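Here is a short briefing on one protein model. Read it with the sequence and the structure open.

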Amino acid sequence: MANPHNPSAEDSLIARYFKPLATDPGAFGLVDDAAILSSSGDDIVVTTDAVVEGVHYLATDPPDTIARKALRVNLSDLAAKGAVPAGFVLTLALRSKEDAWLRPFADALGEDAKNFACPLLGGDTVSTPGLQMISITAFGRVPKGRMVGRTGARPGDVILVTGTIGDAALGLDVLTGGAAASALTSDPAAREALISRYRIPQPRNVLARAVRDRATASMDVSDGLAGDLTKLCAASGVSATVNVARVPLSPAAGGLVARNAICVETLLAGGDDYEVLCTVPPAQSDALMEAGRAVGLAVTAIGAIVAGHERPRFLDGQGQELALKRLSYSHF
């Protein structure tokens with residue numbers, strides 16, 4: 001990441017903002033261009049996600065929230081795989097190196113790295129004349145052969161999801177002046193709660209071990225519940241039925257749906273939830289939900305895996321299938 005024998009502006013930036021975050025001995029204080037991550041006999045799970053200005057965050061978002069989002073979307077992937085965080089590498093494409101932006105960014109990144117026990121191991125910094133981009137590759141550990149993939153769902157499995165669905169999509173809608181913004185003009189607390197869900201994901205790493213011990217298949221909800229369940233089913237060669245009335249909603253989201261201010265498709269397809277979506281045998285579902293309660297996290301049964309290769313069916317309270325025009329956020 002840096003060259004101590006030929007200090008440059010990049011070296012100085014790294015030393016000032018990011019060297020204090022590199023607490024793992026394998027990072028070598030960021031003076032080398034590689035790091036060591038010990039496996040301790042475990043499998044190493046690797047995941048990578050980038051967040052791009054104007055695509056995954058707004059140019060007006062505070063830099064501390066951008067840092068947290070960049071790391072946490074990767075931690076969410078590790079949680080869904082049943083992995084314990086081990087470290088990450090960071091690539092920054094920056095337009096400028098102003099302290100007013102970099103200092104709160106680095107401080108927040110360091111706080112999250114400490115709180116989630118996921119230290120910085122290395123990375124790269126480059127300048128860009130265009131949109132800023134933060135790319136993180138995170139590493140996690142699982143006992144050998146125990147990573148929970150997308151391919152293990154079987155007919156009869158219960159579909160579980162953590163937390164609430166749709167809040168982040170509504171938070172973005174509030175920030176961009178959409179229907180949710182208009183409907184919540186007189187409810188600043190709800191507006192702020194939804195915005196926070198968009199800007200600062202809450203990865204469910206506290207549930208990683210329970211997911212590893214109980215789930216047959218798992219992934220995080222990043223592009224939208226409907227689309228991500230469709231991906232999981234396709235990988236497992238199965239289908240699913242979901243009772244939309246059981247999909248967990250926050251009071252703010254539920255209130256907007258009840259008032260017809262937004263449609264339920266917005267919540268199912270909006271993305272950026274970063275909740276865990278998993279399938280478990282019926283005999284294991286209560287245990288996983290209890291594991292959630294033990295750490296203060298709601299885990300809700302929303303449907304079941306069924307045989308077949310059709311797209312999952314989303315049923316309303318009367319058992320009628322909803323015709324979803326959109327399943328998920330599309331990157332292209």
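Arg 204 contacts residues from well-separated parts of the numbering: beyond its neighbours within four places in sequence, Arg 204 meets Ala 79, Thr 162, Gly 163, Arg 197, Tyr 274, Glu 275, Val 276 and Leu 297. The model is predicted. The points below start with this arginine, then take up an aspartate, the sheets, two helices, the positive phi values and the cysteines.

**Arg 204**

- Arg 204 sits in the loop between α6 (188-199) and α7 (208-214).
- Its relative accessibility is 15%, so Arg 204 counts as buried.
- A polar atom of the Arg 204 side chain lies 3.3 Å from the backbone oxygen of Gln 202.

**Asp 167**

- Asp 167 belongs to helix α4 (residues 167-175).
- Asp 167 is buried, at 3% relative accessibility.
- The side chains of Asp 167 and Thr 164 are joined by a polar contact of 2.7 Å.
- Setting aside residues up to four places away in sequence, Asp 167 touches Leu 194, Arg 197, Ser 250, Ala 253 and Asp 273.
- Arg 197 is thus a contact of Asp 167 and also one of the contacts of Arg 204.

**The four-stranded sheet**

- Four strands make an open sheet, in the order β1-β4-β2-β3, with mixed pairing.
- β1 (43-52) and β3 are the edge strands, and each pairs on one side only.
- From one strand to the next, the twist averages 15°.
- β2 (residues 84-94) and β4 (residues 133-142) pair in the antiparallel sense, over nine bridges.
- Within that pairing, Val 84 stands opposite Arg 141 in β4.
- Helix α3 lies across β2 and β4 and runs at about 170° to β2.

**The β6 and β8 pair**

- Strand β6 (residues 217-220) and strand β8 (residues 276-280) pair in the antiparallel sense over four bridges.
- Met 219 has Leu 277 in β8 as its bridge partner.
- In a regular strand, side chains alternate between the two faces of the sheet.
- In β6, Ala 217 and Met 219 point one way, while Ser 218 and Asp 220 point the other way.
- All four of these β6 residues are buried.
- Val 276, listed among the contacts of Arg 204, falls in β8 (residues 276-280).

**Helices α2 and α8**

- α2 (residues 63-80) has 18 residues.
- From first C-alpha to last, α2 reaches 26 Å, close to the 26 Å expected at 1.5 Å a residue.
- Of the 18 residues of α2, 17 are buried, so the helix is largely enclosed by the rest of the structure.
- α8 (residues 225-236) has 12 residues, which should span 16 Å at 1.5 Å a residue.
- The end C-alpha atoms of α8 are 16 Å apart, in agreement with that expected span.
- Nine of the 12 residues of α8 are buried, so this helix too is largely enclosed by the rest of the structure.
- The buried residues of α8 are Leu 225, Ala 226, Gly 227, Asp 228, Leu 229, Thr 230, Leu 232, Cys 233 and Ser 236.

**Positive phi values**

- Just after α2, Gly 82 takes a positive phi of about 80°.
- Just after α8, Gly 237 takes a positive phi of about 70°.
- Which residues other than glycine have a positive phi? Ala 117 is one of them, with phi near 50°, and Asn 260 is another, with phi near 60°.
- Ala 117 lies in the loop between α3 (99-115) and β3 (120-127).
- Ala 117 is exposed, at 51% relative accessibility.
- Asn 260 lies in the loop between α9 (251-258) and α10 (264-269).
- Asn 260 is exposed too, with a relative accessible area of 69%.

**Cysteines**

- How many disulfides does the structure hold? It holds zero.
- Cys 278 is in no disulfide, and the nearest cysteine sulfur, that of Cys 233, is 13 Å away.
- A disulfide needs two cysteine sulfur atoms within 2.5 Å, so at 13 Å Cys 233 does not form one with Cys 278.
- Cys 278 is buried, with a relative accessible area of 3%.
- Cys 233 is one of the buried residues of α8.
- Cys 118 is buried as well, with a relative accessible area of 0%.

Terms used: Residues numbered from 1 in each chain as written. Heavy atoms only, no water. Buried < 20%, exposed > 50% of the residue type's maximum accessible area, 1.4 Å probe, protein only. Helix = DSSP H or I, 4+ residues; strand = E, 2+ residues; numbered from the N terminus. Polar contact = N/O pair within 3.5 Å; in protein donor to acceptor, adjacent residues only side chain to side chain. Contact = heavy atoms within 4.5 Å. Pairing = 2+ DSSP bridges. Axes fitted to C-alpha atoms, helices over the stretch in contact; angles between N-to-C directions. Expected span 1.5 Å × (residues − 1).
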